[in-house]
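User: I would like a close look at a single part of this chain, explained slowly enough for someone in a first year of study. Please begin at the place where the opening stretch comes to its end, and then work outwards from there.

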Amino acid sequence: MQEKVESTIKKLSLWTSLIDKCKYDQFPNLKLFLDTTSSTVNEDLKSDIKCHLQNLSAALRSYFPEISPQWNWVNNPFANHSVDHLPISDQEELIDISCNSRLESCFAEQSLGDFWANLKDIYHISESAIKYLLPFCTTYLCESGFSAMTNLKTKHRHRIQLEDDLRLKLTEGQPDFQELCKEKRAHLSH
(Lines give C-alpha, C1' and ligand atoms only; values in the text may rest on other atoms or scores of the structure.)
Protein backbone atom coordinates (compact mmCIF):
# COMPACT_ATOMS: atom_id res chain seq x y z
CA MET A 1 0.00 0.00 0.00
CA GLN A 2 2.83 2.38 0.79
CA GLU A 3 4.06 2.06 -2.79
CA LYS A 4 0.70 3.31 -4.07
CA VAL A 5 0.81 6.27 -1.71
CA GLU A 6 4.37 7.12 -2.78
CA SER A 7 3.30 6.85 -6.41
CA THR A 8 0.36 9.20 -5.83
CA ILE A 9 2.54 11.78 -4.04
CA LYS A 10 5.04 11.72 -6.92
CA LYS A 11 2.21 12.11 -9.44
CA LEU A 12 0.91 15.12 -7.52
CA SER A 13 4.39 16.65 -7.74
CA LEU A 14 4.49 15.93 -11.48
CA TRP A 15 1.07 17.45 -12.02
CA THR A 16 2.12 20.56 -10.09
CA SER A 17 5.13 21.01 -12.36
CA LEU A 18 2.99 20.48 -15.47
CA ILE A 19 0.66 23.29 -14.40
CA ASP A 20 3.59 25.72 -14.76
CA LYS A 21 4.09 24.46 -18.32
CA CYS A 22 0.38 24.96 -19.15
CA LYS A 23 -0.09 21.21 -19.67
CA TYR A 24 -3.41 19.92 -18.40
CA ASP A 25 -3.59 16.36 -19.74
CA GLN A 26 -3.71 15.05 -16.17
CA PHE A 27 -7.08 16.81 -15.76
CA PRO A 28 -9.20 15.47 -18.64
CA ASN A 29 -12.31 17.54 -17.85
CA LEU A 30 -10.33 20.77 -17.62
CA LYS A 31 -8.45 19.89 -20.81
CA LEU A 32 -11.71 19.15 -22.64
CA PHE A 33 -13.20 22.42 -21.44
CA LEU A 34 -10.13 24.41 -22.49
CA ASP A 35 -10.04 22.70 -25.90
CA THR A 36 -13.74 23.13 -26.66
CA THR A 37 -13.93 26.75 -25.51
CA SER A 38 -10.47 27.81 -26.69
CA SER A 39 -9.90 29.25 -23.23
CA THR A 40 -6.76 29.54 -21.16
CA VAL A 41 -6.15 29.21 -17.46
CA ASN A 42 -5.37 32.50 -15.73
CA GLU A 43 -2.58 32.82 -13.19
CA ASP A 44 -4.93 32.90 -10.19
CA LEU A 45 -6.51 29.58 -11.16
CA LYS A 46 -3.08 28.07 -11.84
CA SER A 47 -1.97 29.19 -8.40
CA ASP A 48 -5.11 27.71 -6.80
CA ILE A 49 -4.65 24.37 -8.58
CA LYS A 50 -0.99 24.19 -7.58
CA CYS A 51 -1.81 25.12 -3.99
CA HIS A 52 -4.51 22.44 -3.86
CA LEU A 53 -2.16 19.79 -5.24
CA GLN A 54 0.58 20.77 -2.79
CA ASN A 55 -1.87 20.68 0.12
CA LEU A 56 -3.12 17.28 -0.98
CA SER A 57 0.43 16.00 -1.16
CA ALA A 58 1.21 17.39 2.31
CA ALA A 59 -1.95 15.82 3.74
CA LEU A 60 -1.05 12.43 2.27
CA ARG A 61 2.47 12.75 3.64
CA SER A 62 1.12 13.55 7.11
CA TYR A 63 -0.94 10.35 7.08
CA PHE A 64 1.74 8.27 5.35
CA PRO A 65 5.24 9.36 6.36
CA GLU A 66 8.14 8.35 4.15
CA ILE A 67 9.24 4.80 4.66
CA SER A 68 12.40 4.49 6.64
CA PRO A 69 15.05 2.35 4.92
CA GLN A 70 15.14 0.25 8.08
CA TRP A 71 11.98 -1.53 6.81
CA ASN A 72 13.40 -2.54 3.41
CA TRP A 73 13.91 -6.10 4.67
CA VAL A 74 10.12 -6.55 4.81
CA ASN A 75 9.71 -5.92 1.07
CA ASN A 76 12.52 -8.32 0.17
CA PRO A 77 14.05 -10.43 2.94
CA PHE A 78 16.41 -12.05 0.41
CA ALA A 79 18.21 -8.83 -0.53
CA ASN A 80 21.21 -7.62 1.43
CA HIS A 81 19.84 -4.91 3.74
CA SER A 82 21.32 -3.23 6.77
CA VAL A 83 19.46 -4.69 9.74
CA ASP A 84 21.75 -3.57 12.56
CA HIS A 85 18.78 -1.85 14.24
CA LEU A 86 16.97 -5.19 14.72
CA PRO A 87 17.46 -7.35 17.81
CA ILE A 88 20.04 -10.11 17.35
CA SER A 89 17.36 -12.82 17.40
CA ASP A 90 15.49 -11.09 14.55
CA GLN A 91 18.72 -10.67 12.59
CA GLU A 92 19.40 -14.38 12.98
CA GLU A 93 15.89 -15.27 11.84
CA LEU A 94 16.25 -12.99 8.83
CA ILE A 95 19.49 -14.77 7.93
CA ASP A 96 17.70 -18.12 8.23
CA ILE A 97 14.91 -16.88 5.96
CA SER A 98 17.28 -15.35 3.39
CA CYS A 99 19.30 -18.58 3.13
CA ASN A 100 16.28 -20.83 2.65
CA SER A 101 15.79 -21.48 -1.08
CA ARG A 102 12.37 -23.02 -0.49
CA LEU A 103 11.20 -19.81 1.17
CA GLU A 104 12.72 -17.79 -1.66
CA SER A 105 10.59 -19.66 -4.19
CA CYS A 106 7.52 -19.15 -1.96
CA PHE A 107 8.36 -15.45 -1.81
CA ALA A 108 8.35 -15.27 -5.62
CA GLU A 109 4.99 -17.07 -5.87
CA GLN A 110 3.05 -15.38 -3.06
CA SER A 111 1.96 -11.89 -2.21
CA LEU A 112 4.08 -10.11 0.37
CA GLY A 113 1.37 -10.34 3.03
CA ASP A 114 0.76 -14.04 2.41
CA PHE A 115 4.48 -14.77 2.56
CA TRP A 116 4.91 -13.21 6.00
CA ALA A 117 1.60 -14.59 7.28
CA ASN A 118 2.70 -18.12 6.38
CA LEU A 119 5.88 -17.64 8.44
CA LYS A 120 4.05 -16.38 11.51
CA ASP A 121 4.18 -19.67 13.41
CA ILE A 122 7.83 -20.32 12.52
CA TYR A 123 9.64 -16.99 12.71
CA HIS A 124 8.98 -14.30 15.32
CA ILE A 125 10.25 -11.58 12.97
CA SER A 126 7.22 -12.14 10.75
CA GLU A 127 5.03 -10.46 13.38
CA SER A 128 6.99 -7.22 12.92
CA ALA A 129 6.66 -7.54 9.14
CA ILE A 130 2.91 -8.10 9.37
CA LYS A 131 2.47 -5.10 11.68
CA TYR A 132 4.40 -3.01 9.17
CA LEU A 133 2.29 -4.26 6.25
CA LEU A 134 -1.07 -3.83 8.01
CA PRO A 135 -1.10 -0.38 9.57
CA PHE A 136 -4.87 0.08 9.40
CA CYS A 137 -6.30 -3.12 10.82
CA THR A 138 -7.59 -1.43 14.00
CA THR A 139 -9.04 1.48 12.04
CA TYR A 140 -10.88 -0.95 9.79
CA LEU A 141 -12.45 -2.76 12.75
CA CYS A 142 -13.46 0.52 14.35
CA GLU A 143 -15.04 1.79 11.13
CA SER A 144 -16.83 -1.53 10.58
CA GLY A 145 -18.24 -1.38 14.09
CA PHE A 146 -19.40 2.21 13.70
CA SER A 147 -21.00 1.44 10.34
CA ALA A 148 -22.82 -1.58 11.79
CA MET A 149 -24.02 0.52 14.73
CA THR A 150 -25.41 3.27 12.51
CA ASN A 151 -27.23 0.66 10.43
CA LEU A 152 -28.74 -0.93 13.54
CA LYS A 153 -29.66 2.24 15.34
CA THR A 154 -32.20 3.96 13.15
CA LYS A 155 -34.90 6.44 14.17
CA HIS A 156 -37.39 3.65 14.71
CA ARG A 157 -35.00 1.52 16.73
CA HIS A 158 -33.22 4.20 18.75
CA ARG A 159 -33.97 2.62 22.14
CA ILE A 160 -32.57 -0.83 21.51
CA GLN A 161 -29.57 -2.14 23.37
CA LEU A 162 -26.79 -2.48 20.80
CA GLU A 163 -24.33 -4.79 22.54
CA ASP A 164 -25.84 -8.14 21.51
CA ASP A 165 -26.84 -6.98 18.03
CA LEU A 166 -23.36 -5.51 17.38
CA ARG A 167 -21.67 -8.68 18.58
CA LEU A 168 -23.78 -10.71 16.15
CA LYS A 169 -23.26 -8.23 13.30
CA LEU A 170 -19.46 -8.03 13.73
CA THR A 171 -18.82 -11.73 14.30
CA GLU A 172 -17.36 -13.44 11.27
CA GLY A 173 -18.78 -16.85 12.19
CA GLN A 174 -22.18 -17.92 10.94
CA PRO A 175 -24.65 -19.27 13.51
CA ASP A 176 -26.01 -22.77 13.03
CA PHE A 177 -29.71 -21.92 13.14
CA GLN A 178 -30.81 -25.56 12.84
CA GLU A 179 -28.81 -26.51 15.92
CA LEU A 180 -30.02 -23.46 17.85
CA CYS A 181 -33.63 -24.29 17.06
CA LYS A 182 -33.20 -27.90 18.20
CA GLU A 183 -31.95 -26.71 21.58
CA LYS A 184 -35.06 -24.58 22.24
CA ARG A 185 -38.50 -25.95 22.96
CA ALA A 186 -41.51 -24.40 21.38
CA HIS A 187 -43.94 -22.79 23.82
CA LEU A 188 -47.16 -24.75 23.67
CA SER A 189 -50.40 -22.94 24.37
CA HIS A 190 -52.64 -24.16 27.23
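Analyst: Just after helix 1 comes Cys 22, a residue whose phi is positive, near 60°. This is a predicted model, and the angle, like every other value here, is computed from that model.

The helix that precedes Cys 22 takes in residues 2–20. With 19 residues at 1.5 Å a residue, helix 1 should span 27 Å, and because its end C-alpha atoms are 28 Å apart, the expected and the computed lengths agree. Several residues of helix 1 are buried, among them Val 5, Ile 9, Leu 12, Leu 18 and Ile 19, and the list also includes Gln 2, Glu 6 and Thr 16. Part of what covers these buried residues is helix 3, which runs over 43–63.

Trp 15 also belongs to helix 1, but with a relative accessibility of 26% it counts as partly exposed, since buried would require a value under 20%. A search of the whole structure finds eight aromatic pairs. In one of them, the ring centres of Trp 15 and Phe 27 are 5.9 Å apart and the planes stand at 65°, so the pair is edge-to-face. The two partners are twelve residues apart, with Trp 15 in helix 1 and Phe 27 in the loop between helix 1 and helix 2, the latter covering 28–37, and the pair thus links distant parts of the chain.

Another edge-to-face pair is formed by Phe 107 and Phe 115, with 5.1 Å from centre to centre and 80° between the planes. Phe 107 is buried at a relative accessible area of 18%, and Phe 115 is likewise counted as buried, with a relative accessibility of 1%. Both rings belong to a cluster joined by ring pairs, in which Trp 71, Trp 73, Phe 78, Trp 116 and Tyr 132 are also found.

To set helix 1 in its wider surroundings, the protein chain holds eleven helices and zero strands. Of its 190 residues, 24% count as buried, while the accessible surface comes to about 14700 Å², with 55% of that area belonging to carbon and sulfur atoms. Among the contacts with a separation of 6 or more, 49% are made by residues 24 or more positions apart.

Note on methods:
Residues numbered from 1 in each chain as written. Predicted model: local features only at pLDDT ≥ 70, side-chain atom pairs only at ≥ 80, totals over all residues. Heavy atoms only, no water. Helix = DSSP H or I, 4+ residues; strand = E, 2+ residues; numbered from the N terminus. Buried < 20%, exposed > 50% of the residue type's maximum accessible area, 1.4 Å probe, protein only. Contact = heavy atoms within 4.5 Å. Areas by Shrake-Rupley, 256 points an atom, 1.4 Å probe, with all protein chains shown as cover. Expected span 1.5 Å × (residues − 1). Phe/Tyr/Trp six-rings, centres within 6.5 Å; stacked < 30°, edge-to-face > 60°.
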